[in-house]
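The following exercises concern a single protein chain. Please examine the sequence and the model before working through each solution.

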Amino acid sequence: MEMREAMQEKEDQKTMKAKMREKVRPKMGKIDIDYQKLHDAFFKWQTKPKMLIHGELYYEGKEFETRLKEKKPGDLSDDLRTALGMPVGPNNHLVPPPWLIAMQRYGPPPSYPSLKVPGLNAPIPEGASFGYHAGGWGKPPVDEQGKPLYGDVFGIQQQEAPVMEEDEQIENQPWGELESESEEESESEEESEEEEDQTGLMTPADTGLITPSGLTSIPAGMETPDMIELRKKKNIEEAMESGAEQQTLYTVLPEKRVNVGAAMMGSAHVYDVASAAAGVPERLVPP
């Protein structure tokens, strides 16, 4: 910035004739960069800007907004107290904010339903008093019977709240205890006995599952046979022992050589099917 300001001053001092001459014949390298100043500008004096969190969308002017996460409604900083004309010091909490009278007249702010405002829906600090004098907390809104409209302003409900005894507040009953295996087995036996009593189903060990109607649970044809034979069939074994000829798996066809003649796609080798199949007319099968 200092180098640019010096060049700007020189430009202002030049005449119109000199400016037009530089436009026609410009001179290069007029600014001699001091690399030490350039290094200090980027690595010594530059401050890190406020970064956004991951996934946050940026828009123009967002860096100038107030960080609302650091501020809470109802907390007054010293700068805000000074701007509002409120005293700053050890007893600054005894002076009400200037908007308390308007809240007592029109009600609490709707955007903050759970906000506790002293003098409106919460007790005022000790040492302060209600009234419209200097340092007074106004007059809280009450109904016809004198009860506050928006909350416990006078601190009566806290005094009238019943105080429970220590024995009633503390529960001495243990929780999360693991049950032993014997207790689990006894509970499972009791549950099975209760289910039998409710359904009336009997499960004897020697006869299998029997329903009350007398039908077995195993369907017909699925009974276990007395003896299971894992050996091959007898006729196959006898044929293997006697060495009898079985049906052949394949037949070797004899090959013949024929004259191709004038056939363009003919073959000189054919097979004699007639010798393989008796009673079938002779056919020539190409390979």
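## Exercise 1: Overall architecture

Along the sequence, the protein follows the pattern α-α-α-α-α-α-α-α-α-β-β-β. The model is predicted.

Task. State how many helices and strands the protein has, and describe its burial and exposed surface.

Solution.
1. Counting the elements gives nine helices and three strands.
2. Of the 287 residues, 11% count as buried, where the cut-off for buried is under 20% relative accessible area.
3. The protein exposes about 26,600 Å², of which carbon and sulfur atoms supply 55%.
4. When contacts between residues at least 6 apart in sequence are considered, 29% join residues at least 24 apart.

## Exercise 2: Confidence

Task. Report the mean pLDDT of the protein, and determine how many contacts beyond four places in sequence the model has for residues 279-287.

Solution.
1. The mean pLDDT is 76, and 72% of the residues reach 70 or more.
2. Over residues 279-287, pLDDT stays under 50.
3. For residues 279-287 the model has 14 contacts beyond four places in sequence.

## Exercise 3: Helix α1

Task. Compare the span of helix α1 with the expected value, and decide whether α1 lies largely in the open or is largely buried.

Solution.
1. Helix α1 covers residues 2-13, twelve residues in total.
2. From its first C-alpha to its last, α1 reaches 17 Å, which is close to the 16 Å expected at 1.5 Å a residue.
3. One of the twelve residues of α1 is buried, so the helix lies largely in the open.

## Exercise 4: A nonpolar surface patch

Task. Identify the residues that make the nonpolar surface patch, name the helix that gives the most to it, and classify F43 as buried or exposed.

Solution.
1. The patch is made by M3, I33, Y35, L38, F42 and F43, and has an area of about 690 Å².
2. Helix α3, residues 35-43, gives the most to the patch, with four residues.
3. F43 is found in helix α3.
4. F43 counts as exposed because its relative accessibility is 66%, and the cut-off for exposed is over 50%.

## Exercise 5: The setting of N92

Task. Locate N92, classify N92 as buried or exposed, and list its contacts outside its neighbours within four places in sequence.

Solution.
1. N92 is found in the loop between α4 (78-84) and α5 (100-106).
2. The relative accessibility of N92 is 15%, and N92 therefore counts as buried.
3. Leaving aside neighbours within four places in sequence, N92 is in contact with R81 and P87.

Terms used: Residues are numbered from 1 along each chain as its sequence is written. This is a predicted model: local features need pLDDT of at least 70, side-chain atom pairs count only at pLDDT 80 or more; totals for chains, interfaces and linings use all residues. Side-chain values use heavy atoms; hydrogens and water are left out. Patches are made of residues with over 30% relative accessible area and no salt bridge: like charges are joined within 9 Å, nonpolar side chains (Val, Leu, Ile, Met, Phe, Trp, Tyr) within 5 Å. Accessible areas come from the Shrake-Rupley method with a 1.4 Å probe; for residues, only the protein chains shown count as cover. A salt bridge is a side-chain nitrogen of Lys or Arg within 4 Å of a carboxyl oxygen of Asp or Glu. Helices (H or I, at least four residues) and strands (E, at least two) are DSSP runs, numbered from the N terminus. Buried means under 20% relative accessible area, exposed over 50%, partly exposed in between (1.4 Å probe, protein chains only). pLDDT is the predictor's confidence in each residue, from 0 to 100. Contact means heavy atoms within 4.5 Å. The expected span of a helix is 1.5 Å times one less than its number of residues.
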